Amino acid sequence: MQTNFSLAQLADPNIAEAEDILRKCVHCGFCTATCPTYVLLGDELDSPRGRIYLIKGMLEGDEDATQEVTKHLDRCLSCLSCMTTCPSGVNYMHLVDHARNHVEGTYARPLFERLLRNLLSFVIPRPFWFRAALNVASLSAPIVRGFLTGRLRALIDLAPKTMPAASVVDQPQTFVAQGKKRGRVALLSGCAQTVLAPSINEATVRLLTRLGIEVVIAKGVGCCGSLVHHMGKEQAADHQVKTAITGWINEIEGEGLDAIITNASGCGTTVKDYGFMLRNNPEWSGKAFRVSSLARDITEYLSEIGGLEVDQDRTEDQPAKIVAYHAPCSIQHGQKITKQPKELLVKVGFEVRDVPEGHLCCGSAGTYNIMQPELAGKLRDRKIQNIESLTPDIISTGNIGCQCQISGGTDIPVVHNVELLDWATGGPKPDGLS
């Protein structure tokens, strides 16, 4: 794609990076076939190619974002399916992230939308406030649900009926390896996941320590910054990213780390991108690249170290179940991890089936199912229809957002990969499985 940025514009490293990405696009349109919003709406401006043209015009003209540009960028899920399809290597993720920062800084959103985005970006990364907000939503849902529509209705509908208790596992501490110590890792306990499903981190710790891996929850590490980063809130993301890096660097330079484990794939994609995000900061770039180089999804790490063995002493509740594996967009498109989760599940005795149209997003995408409830609902229904066509006993996935989104539309239990792996190798049966 031909670009026309001035030399003054290209002096900005972010614009220079955007130009490099834009020049790789050859207008082929392969991305339109796998873009969820284009599949649903059939509008060229709601495809990656269309959004690239909008971003190019906005950045080249050094213009404030308009309502039209903002609308189409907001409809993008950042599922990154287009990056898997693109034959030219266009890094759409970095381009749309930069564009969203530009929108956040130059476009005045309507008051209600601005307030809602600020509320979500403050509450969700903070477990105490997120838990309190969900408790209020759960208690008020039966009374107010019938009076609400749109985004407020989506907020209420996403609140769980019952809240799990907070887990001590998510507090800063070290879990000693069982038997001979094989390694030492840090686990990102996260923010929303610790409130919605603390059992995921508990299963991760049990499984890793059983395999001889010492697990540390690093002091000071909270939200990875993913949620606010994808909302274009660069300053908030920068603070959360640097806080996480500081906590992990202290462990790396202390007793050392073999890996930094993520079990929410949306978080993992962002942590692996820290090096790029802070590439222009001389003080932080080296630390950021160091952290990114150690980041591993839990299934990626388990495949690397090996050692998973089925619990032969189990006499009942054998986990020989048919599993529909839903690959989160952030793991298959963002991290390019496609085989490991399925291979591990098969190794411990599950029958794994691939979901038709598995490349299409379920509609969760951070806060997307709140901010774009109509599109998110259509994507969820389409995903569930494809899953239910397999008649599985269990739906397995690797991202808490996908779990919440899919479980809201089906009676089939949705369980994290690591909980199934833990169960099959000696851990407790996951909640919700009959």
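Let's start with the sheet in this predicted model. Five strands make up an open sheet, and reading across it gives the order E1-E3-E2-E4-E5, with mixed pairing. Strand E1 (173-175) and strand E5 (295-297) are the edge strands, each pairing on one side only. From one strand to the next, the twist averages 30 degrees. Strands of a sheet pair through backbone hydrogen bonds, and they can do so either parallel or antiparallel.

For a look at one such pair, find strand E2 (residues 183-187) and strand E4 (residues 259-262), which run parallel and are joined by three bridges. Here Ala 186 stands opposite Ile 260 in E4.

Now turn to the helices that meet this sheet. Helix H17 (residues 285-294) lies across E4 and E5, and its direction makes an angle of about 25 degrees with E5. Helix H18 (residues 298-305) lies across E2, strand E3 (213-217), E4 and E5, running at about 95 degrees to E5.

Next comes empty space. Rolling a probe the size of a water molecule over the atoms reveals where such space is left. The second largest pocket has a volume of about 1,200 Å³. It is lined by 38 residues, and those closest to its centre are Pro 160, Gln 403, Cys 404, Ser 407 and Gly 408.

Which helices and which strand each supply at least two residues of this lining? They are helix H10 (150-158), helix H12 (199-210), helix H22 (373-388), helix H23 (400-407) and strand E9 (414-416). Sorted by class, the lining of the second largest pocket holds 18 nonpolar, 12 polar and eight charged residues.

Definitions and conventions: Residues are numbered from 1 along each chain as its sequence is written. This is a predicted model: local features need pLDDT of at least 70, side-chain atom pairs count only at pLDDT 80 or more; totals for chains, interfaces and linings use all residues. Side-chain values use heavy atoms; hydrogens and water are left out. On a 1 Å grid over the protein atoms alone, a cavity is a set of points where a 1.4 Å probe fits but cannot get out, and a pocket is an open set with protein on both sides within 12 Å along at least five of seven lines; lining residues have an atom within 4 Å of a point. Grid points are joined across faces, edges and corners, and a volume is the space filled by probe spheres set on the points. Helices (H or I, at least four residues) and strands (E, at least two) are DSSP runs, numbered from the N terminus. Ala, Val, Leu, Ile, Met, Phe, Trp, Tyr, Cys and Pro count as nonpolar, Asp, Glu, Lys and Arg as charged, and the others, Gly among them, as polar. Two strands pair if DSSP finds at least two bridges between them. Axes are lines fitted to C-alpha atoms, for helices over the stretch in contact, and angles run from 0 to 180 degrees between N-to-C directions. Contact means heavy atoms within 4.5 Å.
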